Amino acid sequence: MKTERLVSLDVFRGMTVAGMLLVNNPGTWSAIYPPLAHAPWHGWTPTDLIFPFFLFIVGITTELSLRARRARGDDEGAIVRQVLRRGSLIFLFGLLLSGFPFFTWPPALEGASVLERVVHRVEHWRIMGVLQRIGVAYLCGALLTLRTTLRQQLLIVLALLFGYWALMTLVPVPDTGVPGRFVLDKPDQLLSAWLDRTVLGVDHLWSGAKTWDPEGLLSTLPAIATMICGTFAGRWIAEQQRPLTERLAALFAVGALAMMLGLMWHWVFPINKNIWTSSYVVFTAGIGAVSLATCMWLIDVMQWRRWTFPFVIYGVNPMLAFLGSGLMARLIASLWTWETAEGTRTSLQAFVFKTMYASWLPPREASFAYAVSFVALWFLILWGAWKRGWVLKV
């Protein structure tokens with residue numbers, strides 16, 4: 001059953017990666033279907049499940065990988081070095097992606113020297129991001145679970161979740177002296193925002209807010225808990241002494257219970273992806289467990305596999321899909337531009353969208369069709385890489 005379970009995991013991971021490409025690459029951000037947009041603040045949409053699913057999967061694969069390495073006889077020192085190397089590389093890839101393209105400058109610096117341009121770029125380089133958070137959560141989560149018992153890991157998760165809840169709701173924010181529970185609907189007045197501005201600096205935060213970062217420092221603590229929840233699922237999946245159907249039933253039950261607990265916690269600490277609230281961790285880990293159990297039931301128990309091939313292709317090469325699609329999106333949207341006959345500049349992305357989709361479809365349908373085409377294009381790219389055995393591993 002080992003190979004079959006790994007296929008299930010590849011499908012689950014592939015669905016998550018394909019979903020990420022779908023929601024990140026609409027034809028236009030001004031016309032998207034509500035389920036394909038993040039919740040404005042409190043609450044959640046299907047799009048808000050993608051990032052925690054990534055971390056949940058990282059936890060599962062980390063547990064399975066460490067088990068396999070120990071079974072091969074690898075010493076603990078080699079495992080620690082691999083964890084440090086992998087986490088650092090993921091963070092570095094994310095940091096480089098945040099700064100790409102490295103040689104574009106604001107109009108005000110057109111006449112500046114190369115050195116002045118480089119300094120300006122570094123001074124406004126976003127430090128945190130999606131891959132950076134994944135790298136930090138993987139590194140911390142793997143090291144915390146490497147030599148600890150299940151009971152100790154449960155205590156670590158509880159400490160992260162309740163400690164973060166206490167910090168965000170009970171501790172007065174230095175800027176205002178007001179505890180966070182009174183300003184949970186004001187992102188720039190929370191303790192997490194103050195810490196990001198103080199440690200990272202406003203020039204290194206997410207450009208969409210400038211006063212706080214959705215992948216900031218303090219909110220990375222509960223993200224580590226999301227990763228460790230994935231290791232719990234991986235530990236249970238690898239339990240060979242129990243029948244697969246029994247493991248799936250337990251995974252369904254625990255996932256449903258976690259969803260309910262997350263919704264109950266939402267009453268006092270709202271589900272919120274932007275600040276990665278503790279209720280959000282519990283709720284999304286529950287949905288992740290139920291979703292993984294569903295994939296395993298369909299693929300391994302019911303043997304319904306004809307639909308899985310596209311998602312397997314996405315699932316076996318997630319890093320290539322993440323980095324490659326991110327670089328492509330930035331190239332066609334901001335770097336490959338030209339001046340039109342009307343005297344305005346247009347990008348390759350805008351030209352393709354307006355010519356091939358918006359010219360004959362309503363706005364939302366055109367935007368969605370462009371996103372689906374982007375996902376299909378990257379399926380073809382990843383399929384070609386898979387056929388040649390090209391897998392970007394970290």
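Reader: Into which classes do the residues of the lining of the largest cavity divide?

Author: In this predicted model, the lining of the largest cavity divides into nine nonpolar residues, one polar residue and one charged residue. The residues concerned are Leu-22, Val-23, Pro-26, Ala-31, Ile-32, Tyr-33, Leu-36, Arg-364, Ser-367, Phe-368 and Ala-371, and the volume that they line is about 80 Å³.

Reader: Which elements give two or more residues to that lining of the largest cavity?

Author: Helix 1 and helix 14, which spans residues 363-387, are the elements that give two or more residues to the lining of the largest cavity, and helix 14 gives the most, with four residues.

Reader: How many cavities of 30 Å³ or more does the structure hold, and what lines the second largest cavity?

Author: There are four cavities of 30 Å³ or more in the structure. The second largest cavity holds about 40 Å³ of space, and its lining consists of Trp-41, Pro-187, Leu-190, Ser-192, Ala-193, Asp-196, Trp-212, Asp-213, Ser-219, Asn-274 and Ile-275. Sorted by class, that lining of the second largest cavity has six nonpolar, three polar and two charged residues.

Reader: Turning from cavities to pockets, what is the volume of the second largest pocket, and which residues lie nearest its centre?

Author: The second largest pocket has a volume of about 1,200 Å³. Its lining is made up of 37 residues, and those that lie nearest the centre of the pocket are Arg-13, Thr-61, Thr-62, Ser-65 and Arg-86. Two or more lining residues come from each of helix 1 (2-24), helix 2, helix 3 (76-99), helix 5, helix 10 (278-301), helix 11 (309-316) and helix 12 (318-335). The largest share, 11 residues, is contributed by helix 2, and the lining of the second largest pocket as a whole divides into 23 nonpolar, six polar and eight charged residues.

Reader: Helix 2 and helix 5 both appear in that lining; how should I read the way in which two helices pack?

Author: In general, a pair of packed helices is described by the angle between the two axes and by the distance between those axes. For helix 2 (residues 50-72) and helix 5 (residues 130-146), the axes come within 10 Å and cross at roughly 40°, which means that helix 2 is oblique to helix 5. The crossing of these two helices, helix 2 and helix 5, is right-handed.

Reader: Which residues of helix 2 and helix 5 meet?

Author: From helix 2, Phe-51, Phe-54, Leu-55, Val-58, Thr-62, Leu-66 and Arg-70 take part, and they meet Val-130, Arg-133, Ile-134, Ala-137, Tyr-138, Ala-142 and Leu-146 of helix 5. The residues of this contact between helix 2 and helix 5 comprise 11 nonpolar, one polar and two charged. Thr-62, a member of this contact, is also one of the residues that lie nearest the centre of the second largest pocket.

Reader: At what angle do helix 8 and helix 9 pack?

Author: Helix 8 (residues 220-237) and helix 9 (residues 244-265) pack at about 160°, and their axes are 10 Å apart; helix 8 is therefore roughly antiparallel to helix 9. Their crossing, that of helix 8 and helix 9, is right-handed. On the helix 8 side, Ala-233, Trp-236 and Ile-237 meet Glu-246, Arg-247, Ala-250 and Leu-251 of helix 9, and the contact of helix 8 with helix 9 has five nonpolar, no polar and two charged residues.

Reader: Are helix 3 and helix 12 roughly parallel or roughly antiparallel to each other?

Author: The axes of helix 3 and helix 12 come within 11 Å and cross at roughly 10°, so helix 3 and helix 12 are roughly parallel to each other. Ile-90, Phe-93, Leu-97 and Ser-98 of helix 3 make the contact with Met-319, Phe-322, Leu-323, Gly-326, Leu-327 and Arg-330 of helix 12. Sorted by class, the contact of helix 3 with helix 12 has seven nonpolar residues, two polar and one charged.

Conventions:
Residues are numbered from 1 along each chain as its sequence is written. This is a predicted model: local features need pLDDT of at least 70, side-chain atom pairs count only at pLDDT 80 or more; totals for chains, interfaces and linings use all residues. Side-chain values use heavy atoms; hydrogens and water are left out. Axes are lines fitted to C-alpha atoms, for helices over the stretch in contact, and angles run from 0 to 180 degrees between N-to-C directions. Angles under 35 degrees count as roughly parallel, over 145 as roughly antiparallel, 65 to 115 as roughly perpendicular and the rest as oblique. A crossing is left-handed if the near helix is turned anticlockwise from the far one by less than a right angle, and right-handed if clockwise. Contact means heavy atoms within 4.5 Å. Ala, Val, Leu, Ile, Met, Phe, Trp, Tyr, Cys and Pro count as nonpolar, Asp, Glu, Lys and Arg as charged, and the others, Gly among them, as polar. On a 1 Å grid over the protein atoms alone, a cavity is a set of points where a 1.4 Å probe fits but cannot get out, and a pocket is an open set with protein on both sides within 12 Å along at least five of seven lines; lining residues have an atom within 4 Å of a point. Grid points are joined across faces, edges and corners, and a volume is the space filled by probe spheres set on the points.
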